[in-house]
Amino acid sequence: MTGQYDVAVVGAGMAGIVAARDLSALGLSVVLFEARDRVGGRTYTETALGGALELGGGYVHWTQPHIWTELQRHQMAELQPPVPSEKIYWLADGAVNAGAESAWLEDVKPAIGRLFADARQRFPIPYEPHVVDNGDIEAQTLEERIDALCLSRHERDTLEGALSGMIHSCGVHGAVQLLHGAATSFGDYGALLETAGAWSLPPGGTKKLIDSILAECPSVHVHRSSPVQSISDDGSRVTITTRVGRLVIARAAIVAVPINTIRDIDFTPELPRPVQAILDQSGGTPNPLKACKVWARVRGQIEPFSAFAPPGSLPISAARVEKPWHGGDTLVLCMCADAAAIPATSGPRREVVETALRKFVPDIEVVDTAIHDWVNDEFSKGAWMMHRPGGFTGASEIRKRHGQVHFAGSDIAVVGTGAIEGAMDSGAAAARSVAAALAKDKLCESKI
Ligand SMILES: Cc1cc2nc3c(=O)[nH]c(=O)nc-3n(C[C@H](O)[C@H](O)[C@H](O)COP(=O)(O)OP(=O)(O)OC[C@H]3O[C@@H](n4cnc5c(N)ncnc54)[C@H](O)[C@@H]3O)c2cc1C
């Protein structure tokens with residue numbers, strides 16, 4: 001079966017959905033291919049532990065222009081504030097420290113200040129990340145940057161604990177993406193943390209938002225359970241072939257799949273060498289973020305707390321009381337820097353999570369847990385984007401137009417890299433770029 005469209009969009013995460021909607025609003029015919037049997041990608045509202053949970057991305061902020069515009073547009077701009085933590089626990093040099101937030105901040109702030117001191121000089125115009133030549137730190141890992149601070153064990157563990165909800169391990173990530181992220185938050189890492197992981201969507205969550213966006217563009221043909229196998233570009237048309245052999249011809253394509261999965265699609269002609277170099281990093285894992293998020297339902301109403309541990313020291317590297325939960329229980333958010341430390345089956349997982357949380361709160365009782373394994377999911381092959389050294393700058397090669405093929409997604413976004421905001425920004429930018437290219441082609445055709 002062959003269909004003909006103006007644009008084929010591959011991947012129905014936030015980037016692909018926004019791109020499809022924007023192109024459709026311009027009167028272009030759009031087909032959207034999604035590999036999974038659901039849309040939303042690494043945002044995933046699911047019923048678990050007795051209520052609706054975000055198993056993927058779910059925290060957003062009013063300082064993020066694209067997501068905030070969408071939330072307002074769809075009457076979802078009533079964000080749920082975080083529950084203030086009455087106590088903070090932080091593991092450093094083998095000992096658990098405990099105190100009010102002010103005590104933790106006093107301990108962690110000096111090292112954070114030094115780590116991000118030059119963020120704004122490095123990225124004075126964050127949406128133009130190449131204004132300053134940062135070649136001297138391009139290949140630097142986060143670990144090397146922290147080494148250079150010459151911290152005591154206690155200081156280092158406290159600092160790494162504050163980063164641990166965002167990273168897999170300091171040795172695999174480049175320093176540049178976090179520096180850039182801080183620069184987008186006025187050089188303030190605390191502000192970046194708040195933007196990335198504090199305020200939740202109102203009831204309905206990311207699923208409601210996605211459904212609302214798709215409802216704006218009923219003419220977009222959405223094909224679920226349709227992984228794209230190959231994309232062939234003859235210079236004026238692209239042919240998209242799915243794994244089951246469905247063929248579609250379009251004037252342009254937007255590929256909005258996670259960076260670790262781009263290599264699973266066969267491109268003709270081959271993607272340019274600089275793009276392949278990024279995609280081939282470390283055996284095809286330019287995103288080394290093998291972390292996961294676990295929701296824990298804990299018995300009874302407990303004192304709101306936050307906890308931090310350096311990545312690799314405990315199965316749970318950051319935790320926070322999220323909100324009161326059904327049946328008089330409490331919902332706790334757990335971020336795990338290494339998903340491999342969290343068992344796939346629920347019984348052992350409950351025990352591992354409870355044991356890790358008891359390091360901080362000795363009498364905590366975990367009733368059950370919920371998780372989605374993004375690392376072993378073939379359509380994500382990793383969690384949120386946190387580039388390897390060289391990757392943040394190198395992603396500009398992927399963002400370029402490649403014949404009739406354009407790329408989008410949070411993994412290659414400039415601002416909001418690794419976040420829903422970046423996905424939406426990147427999807428909208430790809431749509432503008434495709435629309436402009438198609439308009440130009442049409443003008444050329446009419447002149448011939
Ligand atoms: C556990 C977790 C927590 C997170 N927390 C937050 C948060 O609190 N706030 C925040 O802003 N961000 C968060 N993020 C990141 C955020 O969810 C993602 O950056 C964003 O949703 C990615 O959107 P995307 O459209 O770029 O990619 P994706 O959402 O990954 O969408 C890509 C789509 O492409 C599809 N696909 C893959 N291969 C193919 C193929 N061959 N053919 C067709 N389709 C294909 C996939 O199935 C997927 O639907 C989190 C991510 C995870 C995993």
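Reader: Hello! What is the order of the strands in the open sheet of seven strands?

Author: Welcome! Please keep in mind that this is a predicted model. The open sheet has seven strands, and their pairing is mixed. From one strand to the next, the twist averages 20°. The order of the strands is β7-β6-β15-β16-β17-β14-β18.

Reader: Which strands stand at the edges of that sheet?

Author: Look for strands that have a single partner strand, so that one side is left without a neighbour in the sheet. One such strand spans residues 95–99 and the other 366–370. The edge strands are β7 and β18.

Reader: How many bridges join β6 to β7?

Author: Strand β6 covers residues 87–92, and it runs antiparallel to β7. One place to find the pairing is Ala92, whose bridge partner in β7 is Ala95. The number of bridges joining β6 to β7 is five.

Reader: Which strands does helix α13 touch where it packs on the sheet?

Author: Helix α13 is made of residues 346–358 and packs on the sheet. Its direction makes about 115° with that of β18. The strands touched by α13 are β14, β16, β17 and β18.

Reader: Which residue in the turn of the β3 and β4 hairpin has a positive phi?

Author: Strand β3 (residues 45–48) pairs with strand β4 (residues 51–54) in the antiparallel sense, over four bridges. Within that pairing, Thr47 has Ala52 in β4 as its bridge partner. Two residues lie between the strands of the hairpin, and the one with a positive phi, of about 55°, is Leu49.

Reader: Are α3 and α7 roughly parallel or roughly perpendicular to each other?

Author: Helix α3 (residues 101–115) and helix α7 (residues 153–163) have axes 9 Å apart and pack at an angle of about 75°. Angles of 65 to 115 degrees count as roughly perpendicular. The two helices, α3 and α7, are therefore roughly perpendicular.

Reader: How many residues of the contact of α3 with α7 are nonpolar?

Author: On the α3 side, the contact uses Asp107, Val108, Ala111, Ile112 and Leu115. These meet Glu155, Thr158, Leu159 and Ala162 in α7. Two residues of the contact are charged and one is polar, while the number of nonpolar residues is six.

Reader: How many residues surround the ligand?

Author: The closest are Gly11, Gly13, Gly41, Gly57 and Ala419. The elements α1, β5, α9 and α15 each give two or more residues to the shell. By type, the shell divides into 22 nonpolar, 14 polar and six charged residues. The number of residues surrounding the ligand is 42.

Note on methods: Residues are numbered from 1 along each chain as its sequence is written. This is a predicted model: local features need pLDDT of at least 70, side-chain atom pairs count only at pLDDT 80 or more; totals for chains, interfaces and linings use all residues. Axes are lines fitted to C-alpha atoms, for helices over the stretch in contact, and angles run from 0 to 180 degrees between N-to-C directions. Angles under 35 degrees count as roughly parallel, over 145 as roughly antiparallel, 65 to 115 as roughly perpendicular and the rest as oblique. Two residues are in contact if their C-beta atoms, placed from the backbone, lie within 7 Å. Ala, Val, Leu, Ile, Met, Phe, Trp, Tyr, Cys and Pro count as nonpolar, Asp, Glu, Lys and Arg as charged, and the others, Gly among them, as polar. A residue is near a molecule or strand if its C-beta atom, placed from the backbone, lies within 6 Å of it. Two strands pair if DSSP finds at least two bridges between them.
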